[in-house]
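Reader: I would like a close look at a single part of this model, taken slowly and tied to its surroundings. Please give the cut-offs behind the terms as you go.
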2 protein chains.
Amino acid sequence: MVENLKYVFQTEGDVFILTASGTGGVECAVSNIVNPHDKIVVPVFGFFSERLKEKILRRGGEAIELPLQWGKAPKADQVKEVVEKAGDVKAIAVVYNETSTGVTVRDLAKIGKIAKDNGALLVVDAVSVLGGEQLPVDEWNVDLCVAGSQKCLACPPGLSLVSVSKKAWATIEKTPRSFYFDLVEMKKFGERCETPYTPAVSLFFALDEALKMVREDSLEKRFERHKTCAEAFYNAIEAMGLEPLPEKEDRSHTVIALRKPADVNNAEVRRMMKERYKVVISGGAGKLREEIFRIGSMGMITEAEVIQTVSALGNALAEAGHPIKTGAGIEAARLRFVSRD
Amino acid sequence: MVENLKYVFQTEGDVFILTASGTGGVECAVSNIVNPHDKIVVPVFGFFSERLKEKILRRGGEAIELPLQWGKAPKADQVKEVVEKAGDVKAIAVVYNETSTGVTVRDLAKIGKIAKDNGALLVVDAVSVLGGEQLPVDEWNVDLCVAGSQKCLACPPGLSLVSVSKKAWATIEKTPRSFYFDLVEMKKFGERCETPYTPAVSLFFALDEALKMVREDSLEKRFERHKTCAEAFYNAIEAMGLEPLPEKEDRSHTVIALRKPADVNNAEVRRMMKERYKVVISGGAGKLREEIFRIGSMGMITEAEVIQTVSALGNALAEAGHPIKTGAGIEAARLRFVSRD
């Protein structure tokens with residue numbers, strides 16, 4: 001299993017499996033490197049990057065925020081400016097795929113370079129994206145990377161995965177660590193293929209199988225499938241006269257966020273999709289709760305689910321009284337799959 | 001599920017389900033009440049009470065240790081003396097069932113009274129015992145009680161359960177909390193039957209079923225079954241000329257610890273039990289690693305498993321060259337089940 005974990009993280013570093021959800025994994029990464037008053041640069045552009053900031057604050061760290069509008073992605077030059085202005089930055093912490101807004105940080109490789117050049121660590125919350133989108137941890141200078149079991153890896157929820165670069169260990173060893181999230185202990189036990197505490201055994205077996213499936217498929221094919229499905233969604237959304245939340249270049253391949261038309265009720269549309277068409281999508285999180293819809297497009301997603309979701313969304317919006325061209329959406333989605341071959 | 005949780009904890013307080021193993025549950029309890037320099041009295045009499053102390057220290061707490069020989073249980077008067085001498089004690093933290101030595105703290109109710117009389121909270125690590133042994137949380141003044149899903153509740157591992165008394169909330173609210181183990185957030189979400197983070201869904205379903213099974217059975221019958229099986233083990237051990245580690249009054253009903261005869265090798269005996277008789281038992285933990293055997297006698301344990309284990313243990317010891325009366329052990333175990341009726 002360890003070898004397959006390193007494969008999905010594209011790393012020669014260590015990868016640990018935690019009996020904790022993604023939030024626990026991110027807390028683990030943060031708490032193993034952040035001491036009181038440490039300067040940590042954190043772009044905030046959605047619900048989960050707010051949480052990342054909060055975790056840094058709870059450790060007593062000085063969170064140096066790069067505040068952005070929800071739906072925007074931080075750019076490398078913005079991060080660089082904040083890092084250089086702050087000086088003596090211990091780490092940059094980035095949510096790679098902001099699940100709350102459907103935004104992916106396309107500049108992550110460049111941000112990794114900025115971290116490296118400034119002697120800072122790069123911590124990445126990749127909970128909802130690892131396995132679904134390119135993320136070569138070593139090549140992009142990611143020092144601590146966190147994934148969830150239940151997102152693009154398509155395993156049941158309950159585990160999180162944390163990778164640690166060789167460079168990060170020196171900092172971790174000097175940091176007072178929590179007992180449950182102590183990466184040094186995990187490394188010690190990991191060397192004899194154990195965990196320091198009772199693991200969620202049934203989920204470990206599921207993860208083992210899920211990783212084998214990624215390996216058989218290949219990461220490249222996984223990335224391609226997620227990209228195709230996401231683009232089919234975006235094409236369909238635009239063809240139906242709806243509007244994705246992020247700008248084109250920032251759009252996630254795993255979480256599709258679109259603005260809710262003003263003339264319908266968010267919960268009502270989703271209830272109709274669920275009851276009549278058996279398709280579950282989300283509303284927004286945090287301050288965008290009412291304004292957007294979010295579609296999870298990850299893991300085992302294929303053309304069938306894309307088409308089913310587009311037609312359910314179009315039909316529910318029509319039922320709710322919003323004028324919409326569902327057929328055009330379905331046609332646009334279908335064409336994206338044809339053009340793949 | 002919440003109602004069944006309150007039933008097994010015998011509490012009117014709150015009970016939360018954490019996506020974390022028992023160690024995480026105990027860290028949650030400790031980290032929600034311990035601030036730097038807080039005085040916490042902790043009896044140390046085995047591997048898990050050492051860990052409990054370590055968790056207090058990692059929070060910056062002042063762990064006031066009551067050190068005991070491994071295999072002994074702390075008595076109420078010993079705890080009282082330490083508490084009164086220390087003065088201004090914020091909490092007493094006790095491992096109710098010390099899994100490493102097979103010892104149960106029979107004075108726990110009295111210790112609860114001492115905590116109450118001294119204005120201190122009582123934190124109990126009941127990971128390996130809740131559901132298998134009497135533990136009326138409210139009646140015994142337990143303020144934070146932690147159980148594991150995979151022990152006496154017979155659910156797969158990966159969840160822990162934490163109860164919180166009404167009295168404890170005032171302290172928790174004033175304590176700077178970790179993000180993942182924040183009980184105040186759990187309470188907020190719990191009120192709408194949610195968790196603050198993605199839970200281990202498949203394990204929640206398993207726990208729901210496991211709790212229903214406890215309820216159908218009744219706690220009293222569960223306690224009785226654990227007691228009978230444990231006494232059958234102890235009777236068999238003594239009839240075979242072997243020696244339980246703890247004194248009679250301190251012996252656990254869920255974990256049976258016995259001294260390894262000097263003329264055999266610990267790992268070899270256990271390997272033989274596993275390979276020839278398909279019975280897995282443990283060696284010791286920490287400093288008793290080589291000296292003792294430990295038998296898990298919890299959850300779905302019945303006469304069948306007791307007899308199978310006693311005969312496997314006797315036979316493996318005989319094969320390893322230790323003179324032993326296996327038949328007498330089996331007979332003693334059998335008689336204990338007969339006498340129950």
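Author: What follows begins with one helix and one strand, and then works outward to the sheets, the domains and the contact between chains.

This is a predicted model, in which local features need pLDDT of at least 70 and side-chain atom pairs count only at pLDDT 80 or more, while totals for chains, interfaces and linings use all residues. Residues are numbered from 1 along each chain as its sequence is written, and chains are lettered from A and ligands numbered from 1 in the order in which they are written.

The part chosen is helix 2 (residues 22-31) of chain A; ten of its ten residues are buried, so the rest of the structure largely encloses it. Helices (H or I, at least four residues) and strands (E, at least two) are DSSP runs numbered from the N terminus. Buried means that 20 or more other C-beta atoms lie within 10 Å of the residue's own, exposed that 12 or fewer do, and partly exposed is in between, with C-beta atoms placed from the backbone. Among the buried residues of helix 2 of chain A are A:Gly22, A:Gly24, A:Gly25, A:Glu27 and A:Cys28. These buried residues pack against strand 1 (14-18), helix 3, strand 7, strand 8, strand 9 and helix 7 (183-190) of chain A.

Of those neighbours, strand 8 (residues 144-148) of chain A is itself mostly covered, with five of its five residues buried. In a regular strand, side chains alternate between the two faces of the sheet. In strand 8 of chain A, A:Leu144, A:Val146 and A:Gly148 point one way, A:Cys145 and A:Ala147 point the other way, and all are buried. Strands of a sheet pair through backbone hydrogen bonds, either parallel or antiparallel; two strands count as paired if DSSP finds at least two bridges between them. Strand 7 (residues 121-125) of chain A runs parallel to strand 8 of chain A and is joined to it by three bridges, with A:Val124 opposite A:Cys145. Strand 9 (residues 160-164) of chain A runs antiparallel to strand 8 of chain A, with five bridges between them. There, A:Leu161 is the bridge partner of A:Ala147.

The sheet can be followed in chain B. Seven strands form an open sheet there in the order 1-9-8-7-4-2-3, with mixed pairing. Strand 1 (14-19) and strand 3 (62-67) of chain B stand at the edges with a single partner strand each, so one side of each has no neighbour in the sheet. On average, neighbouring strands of this sheet are turned by 20 degrees against each other, direction ignored. Six bridges hold strand 1 of chain B antiparallel to strand 9 (residues 159-164) of chain B, and B:Asp14 stands opposite B:Val164. Helix 7 (residues 183-190) of chain B packs on the sheet and touches strand 1 and strand 9 of chain B, at about 105 degrees to strand 1 of chain B. Helix 4 (residues 76-86) of chain B lies across strand 2 (39-44), strand 3 and strand 4 (91-95) of chain B, at about 155 degrees to strand 2 of chain B. Axes are lines fitted to C-alpha atoms, for helices over the stretch in contact, and angles between N-to-C directions run from 0 to 180 degrees.

Next come the domains. Chain A is assigned domain 1 (2-217) and domain 2 (219-338); such bounds come from an automatic or database domain assignment. The centres of the two domains, taken over C-alpha atoms, are 28 Å apart. Domain 1 of chain A gives 26 residues to their contact and domain 2 of chain A gives 25. Two residues are in contact if their C-beta atoms, placed from the backbone, lie within 7 Å.

Last is the contact between chains, where 25 residues of chain B meet 25 residues of chain A. On the side of chain B, the elements giving two or more residues are helix 2 (22-31), helix 3 (47-58) and helix 8 (201-217) of chain B, and helix 2 of chain B has the largest share, four residues. A turn of 180 degrees and a shift of 0.0 Å along the axis lay chain B on chain A with an RMSD of 0.0 Å, and the two copies are thus related as by a two-fold rotation axis. The superposition is by least squares on C-alpha atoms of residues with pLDDT of at least 70 in both copies. B:Ala20 comes closest to the axis of the residues of chain B, at 2.6 Å (C-alpha). Of the interface residues of chain B, 100% are also interface residues in chain A, so the copies meet through the same surface.
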